[in-house]
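Me: Please show me the fold. Then let us go through one helix and the strands.

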Amino acid sequence: MRLDHLFAERSRTLSFEFFPPKTDRAWSTLEDTVEALAQLGPDFVSVTYGAGGGTRAKTREVIEHIQGKTGITAMAHVTCVNATRADLKALLDEYAAAGISNLLALRGDPPKGETRFTPTDGGCAYAKDLIDLIRADGRFATLCAAFPEKHPDALSRDADWQNLGNKFSAGACGAITQCFFSVADYQALRARMPNARIIPGILPITDFHALVRFCDRCGASVPAAVRAALEPLAHDKIAVRQAGIAWTVAFCRDLLAAGAPGLHLYCLNRSTATAEVVTALRLAGCL
Ligand SMILES: Cc1cc2nc3c(=O)[nH]c(=O)nc-3n(C[C@H](O)[C@H](O)[C@H](O)COP(=O)(O)OP(=O)(O)OC[C@H]3O[C@@H](n4cnc5c(N)ncnc54)[C@H](O)[C@@H]3O)c2cc1C
């Protein structure tokens with residue numbers, strides 16, 4: 001189902017994000033994860049797209065697997081990295097032939113070893129250019145990325161949110177946020193564009209050091225309150241996991257109470273923490 005149609009029907013959605021596995025063992029873990037999380041009845045799932053050539057074809061393979069095994073609506077991530085417009089159009093043909101009708105249009109991060117994003121000659125410089133290209137194609141519903149804290153390269157939050165507004169004006173029917181940990185940041189973004197469908201991206205917290213590494217990689221900050229709650233427990237795997245999941249559940253509850261149109265969980269190809277968070281929210285009547 002196209003997500004623009006789904007969004008018209010449902011005021012709230014639950015979705016999960018996977019990444020293409022690199023080894024046979026990781027494939028089998030992902031298959032088990034998909035099977036387990038399908039039981040939670042997500043409205044859709046998404047699959048990331050690698051910065052290099054290696055795992056790119058696997059985005060489509062993972063989606064074909066998910067759609068074939070579970071019938072769940074799936075969205076493919078697409079980036080502008082190392083791609084001309086002709087390459088991107090060929091990718092759209094490939095995705096359409098695979099029955100994919102939803103795309104998360106992203107600029108992408110610089111490939112490994114590079115610090116700055118350099119547009120490819122004849123390619124797209126920003127996600128908005130990619131959204132324009134996809135809209136001209138006409139076969140896909142398109143979502144984009146949003147940054148409640150601001151994108152790390154942006155000169156200001158204002159400039160970054162202006163860019164987000166431009167991506168909606170170009171045809172995005174929704175946005176998924178980078179992971180973040182402040183309800184106030186989300187409320188500020190929603191206040192800026194109250195009619196835009198901005199779905200919080202949630203990282204279930206299970207390990208303090210893993211949380212810090214994940215946030216470093218994506219340019220998100222770990223607020224002092226989260227550090228204060230979890231760092232003292234970092235040495236105790238069970239205690240930090242318990243506190244992290246409890247913190248995540250409370251954060252999701254507050255976001256939903258603040259009007260979030262659903263949740264998108266970064267499940268990191270594992271099912272347990274995501275299932276615990278969703279189950280706790282359902283038991284509390286929040287989801
Ligand atoms: C939910 C989610 C999923 C992701 N999945 C992937 C993935 O699968 N693969 C992957 O490689 N990366 C992924 N990323 C990371 C993403 O590619 C990076 O965060 C990237 O640095 C920014 O992408 P964007 O689409 O937001 O870029 P853009 O919207 O193009 O913005 C990039 C920067 O340029 C600025 N900007 C935009 N337009 C202009 C302009 N006209 N003039 C000047 N500045 C401008 C913006 O403010 C921002 O600072 C994901 C991010 C999120 C939030």
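**A helix and a barrel**

Me: Which residues of α6 are buried?
Reply: This is a predicted model; local features need pLDDT of at least 70, side-chain atom pairs count only at pLDDT 80 or more, and totals for chains, interfaces and linings use all residues. Numbering starts from 1 along each chain as its sequence is written. Helices here are DSSP runs (H or I, at least four residues), strands likewise (E, at least two), numbered from the N terminus. Buried means 20 or more other C-beta atoms within 10 Å of a residue's own, exposed means 12 or fewer, partly exposed lies in between, and C-beta atoms are placed from the backbone. In α6 the buried residues are D160, W161, L164, K167 and F168.

Me: Why do they count as lying on the same side of α6?
Reply: Take the directions from the helix axis to the C-beta atoms. The buried residues lie on the same side of α6 because their arc around the axis is only 105 degrees.

Me: Which exposed residues does the face turned away from the buried side of α6 carry?
Reply: Look at the face of α6 turned away from its buried side. The exposed residues there are D158, A159, Q162 and S169.

Me: In what order do the 8 strands close into a barrel?
Reply: Strands pair if DSSP finds at least two bridges between them. The pairing in this barrel is parallel. The order is β1-β2-β3-β4-β5-β6-β7-β8.

Me: What is the bridge partner of T79 in β4?
Reply: Strands β3 (residues 74-79) and β4 (residues 102-106) run parallel, joined by 4 bridges. T79 has its bridge partner in β4: L106.
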